[in-house]
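Colleague: Could you walk me through this model and tell me how each label was earned? I would like to hear the reasoning along with the terms.

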Amino acid sequence: MRKSGPPKGIIAYLVLELLEEKPRYGYEILKEIREISGGHWEPSYGSVYPILYKFEEKGWAERIEREDEPDRKYFELTDDGQTELENRRDDSAEKARDFADVILGFFHVYAAFSTDERFDIPELEGQWRFDETFSAWVVEQVVRHHEHYFDATFERIDDTPEEFYERQGIDESDS
């Protein structure tokens with residue numbers, strides 16, 4: 001599976017969330033982020049450990065020694081780290097629209113590559129293609145993930161974007 005990168009700042013936020021749950025070491029954090037992202041994000045040691053060291057420098061995390069694993073560098077969240085996490089949670093709440101825009105924007109371009117005659121992208125043997133079959137598979141995966149995470153059968157929403165925004169109380173001019 002090809003690994004794509006997350007939006008800026010998301011890995012640091014996830015590290016704080018994971019440290020709140022329990023003290024962790026770098027590789028454990030890498031595995032958790034890979035799992036949370038469904039295998040699509042796989043940060044490197046070169047990205048997670050600098051975050052941990054930065055958090056340590058800022059006083060948001062501290063290194064702890066464990067007798068049962070003396071060779072691992074465990075980090076735990078400090079009180080200042082908890083405050084930082086709460087601030088980042090507030091910031092993250094404002095990013096839901098950004099996430100949706102990225103998902104929808106990429107899908108629209110995928111569909112355009114599949115259907116718009118201006119794009120003449122060759123099909124490579126044994127590779128992903130820009131076509132209706134692969135597009136349907138992408139949508140199917142999104143539906144399956146929705147049903148898995150929300151423990152509910154997916155139901156189509158017939159609203160136009162404008163109708164959906166109005167029903168949800170979203171001011172389009174702020175979007």
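Modeller: Happily, and please keep in mind that this is a predicted model. Let's begin with the sheet: 3 strands form it in the order β1-β3-β2, the sheet is open, and the pairing is antiparallel.

Colleague: What makes β1 and β2 the edge strands?

Modeller: β1 (24-25) and β2 (61-64) each pair on one side only, and that is what an edge strand does here.

Colleague: How do you know that β2 and β3 pair?

Modeller: Two strands count as paired when there are at least two bridges between them. β2 and β3 have 4 bridges, in the antiparallel sense, so they meet the cut-off. In that pairing, A61 stands opposite L77 of β3. Helix α1 lies across β1, β2 and β3, and runs at about 90° to β3.

Colleague: Which elements build the largest nonpolar core?

Modeller: Those giving two or more residues to this core are α1 (10-21), α2 (26-36), α3 (45-58) and β3 (74-77). The largest share comes from α1, with 9 residues. The core has 23 residues in total, and V15, L19, I29, I33, L52 and F55 have the most contacts inside it. V15 gives a good picture of this: leaving aside residues up to four places away in sequence, V15 touches I29, I33, I51, L52 and F55.

Colleague: Why is F55 called buried?

Modeller: Its relative accessible area is 1%, and buried means under 20%, so F55 qualifies. W60 passes the same test at 13% relative accessibility, so W60 is buried as well.

Colleague: And why is the pair of F55 and W60 called tilted?

Modeller: Ring centres must lie within 6.5 Å to pair, and tilted is the label left when the planes are neither under 30 degrees apart nor over 60. F55 and W60 are 5.4 Å centre to centre with 55° between the planes, so the pair is tilted. The structure holds 9 aromatic pairs.

Colleague: What makes the pair of F113 and F130 edge-to-face?

Modeller: Their ring centres are 5.0 Å apart and their planes stand at 80°, so the pair is edge-to-face. This pair links distant parts of the chain: F113 is in helix α5 (residues 96-115), F130 is in the loop between α5 and α6, and they are 17 residues apart. Both belong to one aromatic cluster with Y110 and F119.

Colleague: Are F113 and F130 buried, exposed or partly exposed?

Modeller: Partly exposed is the range between under 20% and over 50%. F113 has 27% and F130 has 32%, so each is partly exposed.

Colleague: How do you know that R88 is buried, charged letter and all?

Modeller: By the number: R88 has 18% relative accessibility, so R88 counts as buried. R88 lies in helix α4 (residues 79-93), and its side chain makes a polar contact with the side chain of E84 at 2.7 Å. Not counting residues up to four places away in sequence, R88 touches G9, A12, Y13, L16, F55 and W60.

Colleague: Why is D151 called exposed?

Modeller: D151 has 72% relative accessibility, and exposed means over 50%, so the label fits. D151 is found in the loop between α6 (132-150) and α7 (161-168).

Colleague: What is its phi?

Modeller: D151 has a positive phi of about 45°, although it is not a glycine. Most residues other than glycine have a negative phi.

Technical notes: Residues numbered from 1 in each chain as written. Predicted model: local features only at pLDDT ≥ 70, side-chain atom pairs only at ≥ 80, totals over all residues. Heavy atoms only, no water. Buried < 20%, exposed > 50% of the residue type's maximum accessible area, 1.4 Å probe, protein only. Core = buried A, V, L, I, M, F, W, Y, C linked by side-chain atoms within 4.5 Å. Contact = heavy atoms within 4.5 Å. Polar contact = N/O pair within 3.5 Å; in protein donor to acceptor, adjacent residues only side chain to side chain. Axes fitted to C-alpha atoms, helices over the stretch in contact; angles between N-to-C directions. Phe/Tyr/Trp six-rings, centres within 6.5 Å; stacked < 30°, edge-to-face > 60°.
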